[in-house]
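Trainee: Could you take me through one part of this model in close detail? I would like the ligand site and the hairpin beside it in the numbering.

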Amino acid sequence: MPKITLYEFTPTRSKRVRWTLLETGLPFESRNDPTLFGSEELRKIHPLGKLPAAEIDGQPLFESAAISTHIADLAPEAGLISPSGTRDRALHDQWVSFALTEMEAWLWSSALNTFVLPEEERNQSVFEQNGRFFERGAAALDAALAGKEYLVGERFSVTDIVVGYTVNWGRQQGLIKDHANLNTYLDRLIAREYCTLGDG
Ligand SMILES: N[C@@H](CCC(=O)N[C@@H](CS)C(=O)NCC(=O)O)C(=O)O
C-alpha cells in the first residue's frame, strides 16, 4: 500500500485528487490548510507553493491531473484508468490536456484577474477573450459527449474527474448554459457517491 499525504485546501483543484483517492479506496493522510499556500513546508513539495501537492512514498508530486492520474495507476483494481500504450490511455491524455489548456487556462486567467492577484495587478480586459476561448473548448467537448455518458471507454474514469472539475468551474461562471451534453454529463458526475465538486 503506498503511503500518501495530500496537501489540500477544499475550494481548490485539490478536489480532483481527493475525489480520485476516495474512488480508489486508498488510505491517505490530509494536510488541509490554507496557510500552506506559498509556505516553506509546501515549497518542499511544490516549487511554487501551490495546492494541491502530494507526497507518495516519500516522493513529492504536484499538478492535480498528474497526481490524480498517478493515484489511478497505483490502484488498477479501481478501474479508473487504462494502461500506458493503449488507445484509451491516449484518449485520457488527450482530454486532460484539452481541458487544462483549451478550457481551464482561460478560467484561471479570469480568476487571477478577479480575486487572486492584488487589485493593482489585475487586468479587466482579459475577461471577454477568456470567455470566448473557454466557450470554443466547451463547445468541442459538448460535441464529443453527444450520445456518450463518459469521456473514455464507456465507463467512469479519472479522465472524468479531471475534466469534470473544469466543466464545473465553467458552470459556476455561467459559461456552459448553452451546452446540454456538458450539463447532463456534469450532473451524472455530481451524482456519484465520492464526488467532491459540491464540497464548497
Ligand atoms: N495547474 C495546477 C494549478 C495549481 C493552482 O494554481 N492552485 C491554486 C489553487 S486552485 C493555488 O495554489 N493558488 C495559489 C497561487 O496561485 O499562489 C493544478 O492543477 O494543480
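**Hairpin and ligand site**

Mentor: Start with Asp 57, which adopts a positive phi near 50° in the hairpin of β3 and β4, where two residues lie between the strands. Keep in mind that this is a predicted model. Strand β3 covers residues 53–56 and strand β4 covers residues 59–62. The two run antiparallel, and four bridges join them. One pairing to find on screen: Ala 53 stands opposite Phe 62 in β4.

Now step off the strand ends. Leu 51 and Pro 52 belong to the ligand's surroundings, as do Glu 63 and Ser 64. The others around the ligand are Thr 12, Arg 13, Arg 16, Phe 37, Lys 50 and Trp 108. Sorted by class, this shell holds four nonpolar, two polar and four charged residues.

Next, the polar contacts. Leu 51 uses its backbone: an N or O atom there lies 2.7 Å from a nitrogen atom of the ligand. Glu 63 uses its side chain, with a polar atom 2.7 Å from a ligand nitrogen. Arg 13 also reaches the ligand through its side chain. There, an N or O atom is 3.2 Å from a ligand oxygen. As for burial, the ligand taken alone exposes 510 Å², and the protein buries 79% of that.

Last, the location. The ligand sits in the largest pocket. So trace the view in order: the β3 and β4 hairpin with Asp 57, then Leu 51 with its backbone contact, then Glu 63 with its side-chain contact.

Conventions
Residues are numbered from 1 along each chain as its sequence is written. This is a predicted model: local features need pLDDT of at least 70, side-chain atom pairs count only at pLDDT 80 or more; totals for chains, interfaces and linings use all residues. Side-chain values use heavy atoms; hydrogens and water are left out. A residue is near a molecule or strand if one of its heavy atoms lies within 4 Å of it. A polar contact is a pair of N or O atoms within 3.5 Å; within protein, one must be able to donate a hydrogen and the other to accept it, and residues adjacent in sequence count only if both atoms are side-chain atoms. Accessible areas come from the Shrake-Rupley method with a 1.4 Å probe; for residues, only the protein chains shown count as cover. On a 1 Å grid over the protein atoms alone, a cavity is a set of points where a 1.4 Å probe fits but cannot get out, and a pocket is an open set with protein on both sides within 12 Å along at least five of seven lines; lining residues have an atom within 4 Å of a point. A molecule sits in a cavity or pocket if more than half of its atoms lie within 2 Å of its grid points. Ala, Val, Leu, Ile, Met, Phe, Trp, Tyr, Cys and Pro count as nonpolar, Asp, Glu, Lys and Arg as charged, and the others, Gly among them, as polar. Two strands pair if DSSP finds at least two bridges between them.
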